[in-house]
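Please read the following with the sequence and the coordinates open side by side. The text goes from one end of the chain through its sheet and core to the annotated site.

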Amino acid sequence: MTPLTLYNSLTRTTELFEPADPADVRIYSCGPTVYHYAHIGNLRAYLFTDTLGRVLTWKGYGLTHVINITDVGHLTSDADAGDDKMEAAARASGQDIWAIAAHYTAAFKANLKDLNVRDPARFPLATDHVGPMIAFGEAIAERHCYQLADGLYFDTSTVPDYGRLAGLRDEGPVEGRIETVAGKRHPADFAIWRTSAPGENRQMEWDSPWGRGAPGWHLECSVMSRQYLGAHFDIHTGGIDHREIHHPNEIAQNQAFSGTADTGATVWMHNNFLVNRTGKVSKSAGDALILPALVERGFHPLAYRLMCLQAHYRSELEFSWENLAAAQTRLKRYVQTVAALRARGEAKGAAAATPYRERLDAALSDDLNTPRALPVLDELLADKRISPADRLAALADFDAVFGLGLTTLAREDLRVRPASAGIDAAGVAARLAERREARAAKDFPRSDAIRDELAALGVEVMDGDPLGWDWAIAIPPAA
Ligand code: AMP
Ligand code: ZN
């Protein structure tokens, strides 16, 4: 096998991956803030970590993966300003904050299932770890923190190399990058604990040595990663935005707690953003780009997974309905090819799939280069020197990494019905059977009438479709 190399944001280079224990690679991924549905940009972050995990498994490593759920503490600005996102959502909707957190956590997990993202070992909740967070704060308070009226703040000048991950040394001082809270010693200092203001009406509050209030956002990840993966683990992941503030702050906390320069993880990895023409896809853009909205428009969730795999995780990926439609067509082609290979059964072939497996391994081992790996699958499927049975076996092996469900997806699964469609699959099948009868009887006016009738219901009949798809529910143009 090719040795695995991964890009480490800490050194800004691609490095040979050398886990402490290959039988148990330990990975922590910063999880979603559950005040709203995860948008498909957020989901790109977990498709990335799932690909990372699948590649590790495929290459024979063991794995312990943790994804936390942020249900307290994340402010409307990453830089310790504004309101708690959870409290703001609860106030705006008039709902119980715990119910909001439970609802969006369940929705997030359902999205991951729909995308074939494998379950991590754990999904710890921040609010289940407030006791250990307070203990962590107590351990570092004297040497690394100072108290302001609104809470306990971390003094970033007390740890070595603050901001190394963000590349701040190369890009000038942090002044101006981070909003200032009155009284902070340095602009980059951040809250370990936020004390509720007199009269502030918070639904989530705990007692602490620094007053009644709630933990700062960064604290939860230092505490939970340490609790479940140890003081030093192999890989820490998050979106590229976390490279600037959240992860440098986690590192500062880890260094304060251990009293060393150890950042807490060997490799820090960051996925780039999903963007659209208006910029970074964000939750404030509303519900247009959540996974169920894609399904409502006639797209299968795994078409989105394939769209993400077609880009390298460190590249920006532009979302458009056209790109998604192209990915769905590619997925349909895979499903048709698999069906055709199955129909051909045990025919003999002269060649083995091994060279393709080696090429797949080389692409994936090069910092998870999925856009280079996917065409290897296409070439394998098309190689007539390899028997259909061997191609199918190799496909199952490859799909353990891609997670596209290629061994189980059926045509019917891909005939996703947009909410706007006026007919279901059984109805279409019945009308098409009538149309075949009409054509057999050379009753072309009747055959055309059925076709028009289906078109009026949003169903496109595709005679002679090269993929043999027969019919599709027309996807309405983007709004
Ligand atoms: P949040 O729920 O805001 O805490 O974000 C969850 C994860 O999604 C984090 O790792 C973010 O860095 C990541 N993320 C946020 N927006 C995007 C985006 N447009 N594209 C890719 N990842 C994103
Ligand atoms: Zn985190």
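**From the first hairpin to the annotated site**

Strand 1 (residues 5-8) and strand 2 (residues 13-16) run antiparallel and are joined by four bridges. This is a predicted model, and what follows should be read as a description of that prediction. Across the pair, Asn8 stands opposite Thr13 in strand 2. The hairpin made by strand 1 and strand 2 has four residues between the strands, and Arg12 takes a positive phi near 55° there.

Next comes a parallel sheet. Four strands build this open sheet, in the order 4-3-11-12. Its edges are strand 4 (63-67) and strand 12 (265-271), each of which pairs on one side only. On average, neighbouring strands of the sheet are turned by 20° against each other, direction ignored. Helix 6 (residues 217-229) packs on this sheet, where it touches strand 3 (25-29), strand 4 and strand 11. The direction of helix 6 makes about 160° with that of strand 3.

Within the sheet, strand 11 (residues 233-239) runs parallel to strand 12, and six bridges join the two. One residue to pick out here is Ile235, whose bridge partner in strand 12 is Val267.

Ile235 also leads into the nonpolar interior. Which residues touch the most other members of the largest nonpolar core? They are Ile235 and Tyr304, in a core of 125 residues. Helix 1 (residues 40-58) gives the largest share of this core, ten residues. Leaving out residues up to four places away in sequence, Tyr304 touches Ile40, Gly41, Arg44, Leu47, Leu115, Leu274, Leu294 and Leu324. Another core lies apart from this one; it has ten residues, including Ala421, Ile423, Leu432 and Ile450.

A further buried position is found in strand 9 (residues 190-195), which holds Phe190. The relative accessible area of Phe190 is 1%, so Phe190 counts as buried, the limit being under 20%. Phe190 and Tyr153 are 37 residues apart in sequence, yet their C-alpha atoms are 5.4 Å apart in space.

The last stop is the annotated site. In an unreviewed UniProt entry, the annotation "binding site" covers Cys30, Cys221, His246 and Glu250. These residues are spread over 221 residues of sequence but cluster in space, with a largest C-alpha distance of 10.8 Å. Of the annotated residues, Cys30, Cys221 and His246 are included in the lining of the largest pocket.

Two of these residues can be followed further. Cys221 is found in helix 6, the helix that packs on the parallel sheet. Is Cys221 buried or exposed? Cys221 is buried, because its relative accessible area is 1%. Apart from neighbours within four places in sequence, Cys221 is in contact with Tyr28, Cys30, Asn68, His246 and Glu250. Among these contacts are Cys30, His246 and Glu250, which the UniProt annotation also covers.

His246 is found in helix 7 (residues 246-258). With a relative accessible area of 1%, His246 is buried as well. Not counting residues up to four places away in sequence, His246 touches Cys30, Trp217, His218 and Cys221. Helix 6, at residues 217-229, therefore supplies Trp217, His218 and Cys221 to the contacts of His246.

Methods:
Residues are numbered from 1 along each chain as its sequence is written. Chains are lettered from A and ligands numbered from 1 in the order in which they are written. This is a predicted model: local features need pLDDT of at least 70, side-chain atom pairs count only at pLDDT 80 or more; totals for chains, interfaces and linings use all residues. Side-chain values use heavy atoms; hydrogens and water are left out. Buried means under 20% relative accessible area, exposed over 50%, partly exposed in between (1.4 Å probe, protein chains only). Two strands pair if DSSP finds at least two bridges between them. Axes are lines fitted to C-alpha atoms, for helices over the stretch in contact, and angles run from 0 to 180 degrees between N-to-C directions. Contact means heavy atoms within 4.5 Å. A nonpolar core is a set of buried Ala, Val, Leu, Ile, Met, Phe, Trp, Tyr and Cys residues joined through side-chain atoms within 4.5 Å. UniProt positions are given in the numbering used here, feature names are shortened, and annotations may be inferred rather than shown by experiment. On a 1 Å grid over the protein atoms alone, a cavity is a set of points where a 1.4 Å probe fits but cannot get out, and a pocket is an open set with protein on both sides within 12 Å along at least five of seven lines; lining residues have an atom within 4 Å of a point.
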